[in-house]
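Dear colleague,

I am handing over the structure shown below, and my notes on it follow. Please read them with the structure open beside you.

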Amino acid sequence: MDIEQALEIVDAALKPDSLNKLDIILFRQAWDGKSYEEIAASSGYDVGHVKNVGAQLWKKLSCALGQRVTKTNFCCVLYRYAEIPNLQQQASAKRNIKNLFLKPNSVPQQDWGESIDVSYFYGRTTELAKLEQWIKKENCRLIALLGMGGIGKTVLSVKLAQQLQGEFEYVIWRSLRHAPPVEEKLGKILQFLFDNQPIVRNINEGISELVNFLQEHRCLLILDNIESIFQRGELAGKYGQAFQGYGELFKRMGEGLSKSCLVLTSREKPKEVAVLEGEALPVRCLQLSGLQLAEIPHLFNFKGNFSASASDWEIIEKYCAGNPLILKMLATQIQELFDGNVSYFISLWQQGEIRFENIYELLEEQVSRCSELEKEVLYWLAVNRRSVTLLELRNKILSWETRQKLPVVLMSLERRSLILKTSFGFTLIPVLMDYITNLIIQAITQEIKHNNKRLIYLIQLLQPQASREIQAEQINLILEPIVENLRKEFSSYKELKALLENILSEMRSQVSKLLGYGEINISYLKKVAVITNPKIQLVAHNHYPEPIADEIVCYPVSSTIGSGINYF
């Protein structure tokens with residue numbers, strides 16, 4: 001088929017309407033693959049006017065031919081239309097297809113992909129109401145549901161789609177958990193929208209085709225687990241090599257007018273969303289917090305019967321920060337091991353008799369994605385035990401690169417939903433602090449055991465300037481577990497003491513300013529190791545020990561700060 005034959009088909013399909021001069025110019029040059037900008041430049045019209053004329057032309061052809069027509073697919077549509085034997089059959093086919101596609105008040109076409117069962121959904125009424133307001137009344141076109149793993153983003157997105165499905169012509173829910181290439185995911189979505197017709201020739205064309213469809217039809221498209229397409233070991237929101245096209249899709253949906261709404265769920269905020277979002281703009285973010293205290297017993301009751309006091313539920317809520325998945329894991333453990341007795345579980349947990357291996361696996365999945373700079377800051381936040389300001393952190397960190405990039409690193413950790421920003425500074429939720437503390441204990445134990453030291457130089461395990469309460473926590477929760485781990489490797493305290501003295505002697509034989517916090521930390525560990533009764537009581541007895549730090553010579557490390565040299 002050539003351009004003249006194509007124009008004949010269009011003229012016959014549009015009768016009694018006909019193409020005007022600009023319609024014909026636009027049609028001819030679009031047939032040759034010219035962009036709107038090129039068409040405007042060659043015809044002398046404003047590019048905005050050409051785009052408007054184009055939009056009207058494709059809309060008229062869509063109605064006339066009974067299927068959606070755009071600048072990128074009109075050639076294919078006309079080729080398929082021309083294959084119908086005669087004009088009478090074409091007209092009949094046109095009417096039938098038109099009735100199928102344009103039937104008013106029809107049930108929305110839906111594709112739920114690998115969406116999960118939300119029959120036992122509970123809570124989140126405030127969040128659902130806010131999202132409904134944003135989508136139905138404020139016409140938001142790009143929304144990101146953000147939060148750490150297990151907070152309930154996926155469940156909320158499915159419930160939202162179910163609740164709003166009557167507002168849309170199309171509802172599509174897709175997961176990116178296994179990081180599918182953009183061509184694969186885009187192709188499947190377009191096949192659903194275009195009744196399995198293969199029309200994508202390249203990524204850019206496919207993105208344009210999808211964006212145009214979302215502009216012309218009211219669709220709800222949800223993409224779950226967006227963090228899977230981001231690069232591991234980098235700051236938050238950097239796309240992997242094969243996933244740049246997703247960023248282009250998010251950018252175009254955020255910038256262009258649309259009847260539709262694209263909802264993303266992610267543990268990391270996409271950079272396109274960060275740039276375009278605003279309280280009064282059509283691009284929004286909803287940072288999911290944990291469940292309310294009153295909702296937690298109801299969540300547990302889905303698992304069985306539990307006995308607990310009001311204070312028990314408060315302890316559980318505080319530790320888990322209301323994270324639904326972590327709460328479900330705890331409920332399972334309490335039900336299976338303690339017959340639902342929450343108080344008994346808490347008493348053993350507070351004595352250090354229980355570990356949360358399954359919860360640690362959930363947190364490891366998220367922390368392992370962090371860059372080395374982010375991990376270093378997480379270690380410092382865990383050691384500090386309380387909120388700390390950016391300036392306070394900067395004064396403690398010795399690594400020059402981390403100090404210089406600290407604002408960006410903190411912003412990245414916030415975008416990963418891994419840190420909390422309070423009026424006093426930055427901190428970790430208790431369960432994450434517990435996990436990071438365990439990482440520190442295991443890492444430093446191995447460094448001392450195998451004489452391969454790094455982390456012990458970077459962070460200060462006991463801080464002389466901290467309050468007695470915080471120092472007591474640092475001793476009980478960090479120093480003592482390290483010493484206990486090391487004791488298992490030796491037959492007596494004497495051998496352990498000799499090892500630490502040898503390490504200390506080795507460190508002192510070197511230039512101390514290159515050692516960071518290493519010598520100080522070994523001194524702290526040695527002091528803990530020689531205490532006859534190292535088990536120090538904490539708040540339960542309202543007694544805090546005289547700080548070990550007061551009895552240790554603290555060798556200066558500030559000589560490296562601000563030197564511009566990265567020793568680590």
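In what follows, two helices count as roughly perpendicular when the angle between their axes is 65 to 115 degrees. Please also bear in mind that this is a predicted model.

I begin with the pair to which that cut-off applies. Helix α2 (residues 21-31) packs against helix α5 (residues 74-82) with their axes 10 Å apart and at an angle of about 95°, and α2 and α5 are therefore roughly perpendicular to each other. On the α2 side the residues that meet the partner are F27, A30 and W31, while α5 contributes F74, C75, L78 and Y79; by class, the residues of this contact of α2 with α5 comprise 7 nonpolar, no polar and no charged.

A second pair is formed by helix α9 (residues 182-193) and helix α10 (residues 203-216), whose axes come within 10 Å and cross at roughly 40°, which makes α9 oblique to α10. The crossing in which α9 passes α10 is left-handed. From α9 the contact draws on V182, E183, L186, I189, L190 and L193, and from α10 on I203, G206, I207, E209, L210 and F213, and the residues of this contact divide into 9 nonpolar, 1 polar and 2 charged.

Finally, a word on the cysteines. C75, which belongs to the α5 side of the contact with α2, has a relative accessibility of 22% and so counts as partly exposed, whereas C285, with a relative accessible area of 19%, is buried. The count of disulfides comes to 0.

With best wishes

Technical notes: Residues are numbered from 1 along each chain as its sequence is written. This is a predicted model: local features need pLDDT of at least 70, side-chain atom pairs count only at pLDDT 80 or more; totals for chains, interfaces and linings use all residues. Side-chain values use heavy atoms; hydrogens and water are left out. Axes are lines fitted to C-alpha atoms, for helices over the stretch in contact, and angles run from 0 to 180 degrees between N-to-C directions. Helices (H or I, at least four residues) and strands (E, at least two) are DSSP runs, numbered from the N terminus. Angles under 35 degrees count as roughly parallel, over 145 as roughly antiparallel, 65 to 115 as roughly perpendicular and the rest as oblique. A crossing is left-handed if the near helix is turned anticlockwise from the far one by less than a right angle, and right-handed if clockwise. Contact means heavy atoms within 4.5 Å. Ala, Val, Leu, Ile, Met, Phe, Trp, Tyr, Cys and Pro count as nonpolar, Asp, Glu, Lys and Arg as charged, and the others, Gly among them, as polar. A disulfide is a pair of cysteine sulfur atoms within 2.5 Å. Buried means under 20% relative accessible area, exposed over 50%, partly exposed in between (1.4 Å probe, protein chains only).
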